[in-house]
Each structure stands twice: as structure tokens, then as C-alpha cells.
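Thanks, everyone. I'll keep this brief and go chain by chain, then contact by contact. Please have the viewer open.

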Amino acid sequence: MEVNIEQLEKDFQAKIDAGISIEPKDWMPERYRHQLIRMMSQHAHSEVVGMLPEGNWITRAPSLMRKMVLLAKVQDEAGHGLYIYSATETLGISRDEMINQLLTGKAKYSSIFNYPTLNWADMGAIGWLVDGAAIVNQTALAKCSFGPYARAMLRICKEENFHQKQGYQILANMMQGTEAQKQMVQDAVNRFWWPSLMMFGPSDKNSPNSDELMRWKVKLYSNDDLRQRFIDRTVPQAEAIGIKIPDDKLKWNEKTRHYEWGEINWDEFYAVIGGNGPCNRLRMKQRNDAHKNGQWVREAAIAFAEKRKKNKAA
Amino acid sequence: MNKDLFEYTLRLGDTSLILSQRLGEWCGHGPMLEEDIALTNIALDLLGQAKAFLAYAGEIEGKGRNEDVLAFHRDANHFRNLLLTEQPNVDFGFTIIRQLFVSTWQHYLYSELTHATDKNMSALAVKSLKEVNYHLRFASDWTLRLGDGTEESHQRVQAAVNELWNYTGDLFEIDQVDEALLKLGIAADMKKVEASWNKHIRQVLNDATLSVPEINNFMRTGSRKGVHTEYLGFILAEMQFLPRAYPDAKW
Amino acid sequence: MSDKQLQLWEVFTQKKTGMSFEHAGSVRAADKEMALLNARDVYSRRGEATCIWVVPSECISSSSPEDIASFFEPSDDKIYRHPNFYKTPDGIKQV
């Protein structure tokens, strides 16, 4: 049978325009597959690397209940990483290959996790800001054109709801506490505010893949739109509990019904992406160590299974 | 208050708490994502047990110390956790063998306690037993896999058995607390627990092609009296730091 | 020794007894016991299951998008298979 690529591409685009989701066995342009693998694996890696900064505080959580919530939350992130790896595997790349790309620095993960967690209020700030930003992103992705990705996002959004709430609750509690606690909160927000805004990626005018991704409905909203949505939603929450957002230019615009905000430090953004954030090397070392230290365990599991199979056959 | 029952409940609560603390160190560093999630599930179960047992201990004591005060404001010599639980993770093999030893102990202990004449104790035992049965299955499966996996895994896990064996005597020490409560029908009969533990552990190790170390007379004991290994002090320094540094703060 | 991959398994969970099993996701595991435990730990953290199936992914065969026309479209015009195709006289109770 003669296959006409142009026709296939046309049909593919028509399907997307009609809102029909693309499934793994459907024909898709190589570039669509490639872009999805890039985005989805980056997302999965972010979940997994994202366990580290919060994992720091599991052993130091200040009450048994806080320890439980934090453990459950960090564990969810492992689960989310796993869901997204699985969804990505349907595109013809294995989890091992993806992990290998992460460990060799070929694949990226969200830069936010290259910032350190320095005090307990950081657990609140991460839940509130970082998970808050992630939810804005992921709610959009739950409607994306690739079925397995959209389904994984749906599941993740459902689970992640509590992440943001517990973070905000940590901060709200601390803001009613002692002076020292209030200072911790403000310090945490000062450090995490701008990096959270950077999570939405470069400004639209500097986002090279955006047009194509939007045409394919992999992305449904532009980086700047999502960033705006996040700010509009978050600023009133800060005010409600007495947190000051570290941006002198931040103000409500009655006409547009949106907040205006200051300039993101894009030099910092590109420096952290380029590997020079405060914790890039540490995070990569921790992931590499975990992988290396786990190798004998994985090998043993495989060897044991093979032995059992042989014994059964014999 | 029943001082013996307070002491006994602390032992159970502290054991779950410190083991959970150790398992929590794995979160984000496991050999594969699935095992990361599995170990954290166990840590969460144990933390829930710790919270419940310590809350009950505080109630028995009647001095207004709740589970958090007990967890975060006692020094090492007042902790009653098994020495095994404070031993470091070292590698996945050590973690599994430590889990196997403790979960087996908890399994037989809680099984006995489900018949305790103290209603709170028996209710806590019933709930905890369900969780521990899963932990035991998980740890036994992995012991098999690692023991009978590769040469390297066999060696590593045998080293863990040999090292951790020294702390197993601590599991079965009997003192006047056990004796007094046993008469009241509240405590587990440690002799029975010990016999069952030995039988099960020998079976699992044997199936996993691992050898059982010789019984020795110099086992490390002392958890009943609050005499611990050096590790506990470091664990507590980390775990208790925030509530200690900010005693008037609520979190 | 090169790092070999653990096998991929598909996980199906039953939310309540009596209900059908639904696909929940996948896990990696070396054998079926490990797959079952991993599936339990990953896919029932919020009480989502009363029973779990695990199946090696390679054992599942799927129809392909090209099959849609020949597999499923022929049933589209068989409207007589649906109860609302039939009109019953007014006042007659459903069996």
C-alpha cells in the first residue's frame, strides 16, 4: 500500500483539531513523538528529582502528623514519576533509557528542584507555590492531545490536590505562630517565589517550541498565560495569611483584572538550566548514587526470577 | 497509673517510630521507584502505629504528655525501641533483613496481643497486625530474592544477617514489666514469641540459601532499660531538632 | 554485568467486589509475586482496590487503529440490538 506522508499528516492534524485523542498505536509524525518523549520524560524526571529537596526534611519534620503528610507527599511524587514514565514508554522508549538520559545529563528536569530547602517553612512554600504552579500546568496538560499523557495527568491532578493544601496549611499555621516562625515563612517565600514563576518556562517570545506544540494541542495555553493564571490565583492567598510577595512591582490592574508583576531574572533561569543552579550537582549525584547502589538489587531480582523459571521448566 | 503498661506501650510505640524514621531515610534513594514507594508505605504504617501507641502511652501516664511530646522531648535513655530498629540502613540488604527480623517479631507479638485483656491494647494490635503481615511478606520475598539472587546479593545479605543477628537477643529479653503484665493477661508471652520467631526466621533464611549465625552469649541487649547503641543519639538529634530549638512553637 | 531491565507488567484493579477490573497502569518487576506487591504499593495507596491482577505487558495483544473499520464499524448499523429500537404499546409495563 502506498502511504502518503502528507495525507497522514493532514489526517493527524484533522483528528487533533476535532479533539480526538491520539493513542500510542495511531500514526503520528515523528516529531510529535519526539517532542512528547522530551516533554513527558522531563516531567517524569522532575517528579523523581523533586523527591530530593523535600525528602531532606522527612527525618526532621516537627510533629508526627507533619512527618506522615510529608512522607505521603514525597511518596506520591515517586508514584507520579512512575505513572509518567509508563505513559512515555507507550511511545517506544523504555524507562531505563529515560533514566539513563537523566543520569548522563542528556535529559532535563524542572529547575525548581535545583534550589535548596533550608528551613521547615520551605516544605510549606514548595507545597503552596511549586505544587500550585505544577497544578496549573498539569490541569492544562490533562486536556492535551496524547491520550496516555492526559490520563496520567488526570490521575496526578486528583492526587496532587492535597499537596498544595498541606503546603498552604503549614504556612498558615506558622504565620499564626511565633516571630521566628513568621520569619521562616517569609524567608522561604522570598527564595521560592521567583523560581516558581520560572517553572512556566521562558516568556512566549523566547519559547521556541511553543507554536508547534500548540498546534498539536500538546500545549493548550502559552507559558505567559499560565504564569498569569498562577499569579492571579496565588497573590490573594498570600495576602490572606500575611505573607509579602517579594516583588515591588506587583500590583492589581483593575482594568485588565489581572496582576502586573516585575521582571523575572532570565539570566538566573538560563544559568540554572545550564547546570549552574545551587544544587544541580548535588541532585544529580544523589540520583546517580541511588541508581548505582540499586544495581545489585535489580540484578538479584532478575537472576532470582530466571532461576525460578528454569527450575519450573526442569 | 499502671506504670508497667505505660512502659510496655512505649516499647511498642518507640520501636515503630525509630524503624519508621530509618525507613524514611530511603525516600528518594531506593533501588527503583517501585521499592521507594513500597518502603515508604511501610514507614507510613509504622509511623501510624507509633502515633497510636504513643498517644495511648501518654493517656496511661496521665501527665498531659501527648504522642508528640513523647516523641520529640525525651532523651535517648528514655527511649525503649529495639536496638535493631536504630541500626543504619547500610544498603538495601541490611534494610530488608532488619525489616524481616522486626516484622517477624511484631507479627508474633501482635498476634498474641490481639487477645490482650486491655481493650485498647488488643484493638491496636488487631489494626497493626494487618499492616505487619504485609511488611513480613514484603521482607520475606526480598530476603529470598537477594539470598538466592546473584553471588553479590547473597554475600551482601549474608553480611547483613551476620551483623544484625547480634541485636536479636534484645528482641526477647524479659523483665518485671513483661512478667507483671503477663499475669494480667496484657503482655505477650515472650517465650512463645521467641520460639515462633526462631522457627520462621530459620525457615526463611534457609529457603533463601542463607546460613543462620551461631547463637552467641554476647548479644547486644539493653533497649528495655534505655541503654542503646550510639546511633540513637544521632537519630534523635536530627528528628527532635525543630521542637527542641523552638519549644514554644506549634507546627 | 550490564543493567538489564525488569519486565513490564500491566495492572488491573477492582474497586469494589462485584465490579469489573479496570486498567490502573504499569509497574516493573522481575516476577509475578514482585509485580503483585509493587502493584499494590503503587496503585492502592488511597484504598482504590479490593483485588489486583497483574499481567505481563507482552501477553496483551491489542487491535490496531487500522482494524477500526473492519472490527467495530459493522456493529454501528445493527440498531435492532438495542432495546430502544423496539416500541411497546402505551400502558404496557416493562418485563
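In chain C, take the contacts with a separation of 6 or more: 42% of them join residues 24 or more positions apart. This is a predicted model, by the way. It scores ipTM 0.96 and pTM 0.95.

Stay with chain C. It has two helices and three strands. Along the sequence, the pattern reads β-β-α-β-α. What does the radius of gyration of chain C say about its spread? The value is 21 Å, and the globule rule gives 12 Å for 95 residues, so chain C is more spread out than a compact globule. The box says how that looks along the principal axes: the C-alpha atoms of chain C fill roughly 75 × 35 × 15 Å. As for burial, 24% of the 95 residues of chain C count as buried.

Now confidence. Chain C averages a pLDDT of 89, and 95% of its residues score at least 70. Which elements of chain C sit at the two ends of the scale? Strand β3, residues 51–56 of chain C, has the highest mean pLDDT among the elements, at 97. Helix α2, residues 68–71 of chain C, has the lowest, at 86. A general reminder: where pLDDT is low, don't read the predicted coordinates in detail.

Next, the contact between chains A and B. Chain A puts in 40 residues and chain B puts in 41 residues. Where do they come from on chain A? Four helices each supply at least two residues to the side that touches chain B: α3 (51–55), α4 (64–89), α8 (179–198) and α12 (280–313) of chain A. Of the elements on that side, α12(A) gives the most, with 13 residues. By type, the side of chain A that touches chain B splits into 21 nonpolar, 13 polar and six charged.

On to chains B and C. Here the contact takes seven residues from chain B and nine residues from chain C. On the chain B side, α2 (33–61) and α6 (119–147) of chain B each supply at least two residues. The top contributor there is α2(B), with four residues. The split for the side of chain B that touches chain C is four nonpolar, one polar and two charged.

Last topic: some single residues in chain B. Start with backbone angles. Most residues other than glycine have a negative phi. Val90(B) has a positive one, near 55°. It lies in the loop between α4 (83–86) and α5 (92–113) of chain B. Is Val90(B) buried or exposed? Neither label fits: Val90(B) counts as partly exposed, because it has 15 C-beta neighbours inside 10 Å.

Thr209(B) also has a positive phi, near 60°. Its loop runs between α9 (190–207) and α10 (231–239) of chain B. Thr209(B) has 13 C-beta neighbours inside 10 Å, so it counts as partly exposed.

Then Phe234(B), which is in helix α10 of chain B. Why does Phe234(B) count as exposed? Because it has 12 C-beta neighbours inside 10 Å, and the cut-off for exposed is 12 or fewer. One distance to check in the viewer: the C-alpha atoms of Phe234(B) and Glu86(B) are separated by 9.7 Å. Along the chain, Phe234(B) and Glu86(B) are 148 residues apart.

That's it from me. Over to you.

Technical notes
Residues are numbered from 1 along each chain as its sequence is written. Chains are lettered from A and ligands numbered from 1 in the order in which they are written. This is a predicted model: local features need pLDDT of at least 70, side-chain atom pairs count only at pLDDT 80 or more; totals for chains, interfaces and linings use all residues. Two residues are in contact if their C-beta atoms, placed from the backbone, lie within 7 Å. Ala, Val, Leu, Ile, Met, Phe, Trp, Tyr, Cys and Pro count as nonpolar, Asp, Glu, Lys and Arg as charged, and the others, Gly among them, as polar. A residue is buried if 20 or more other C-beta atoms lie within 10 Å of its own, exposed if 12 or fewer, and partly exposed in between; C-beta atoms are placed from the backbone. pLDDT is the predictor's confidence in each residue, from 0 to 100. The radius of gyration is taken over C-alpha atoms; the globule rule is 2.2 Å times the number of residues to the power 0.38.
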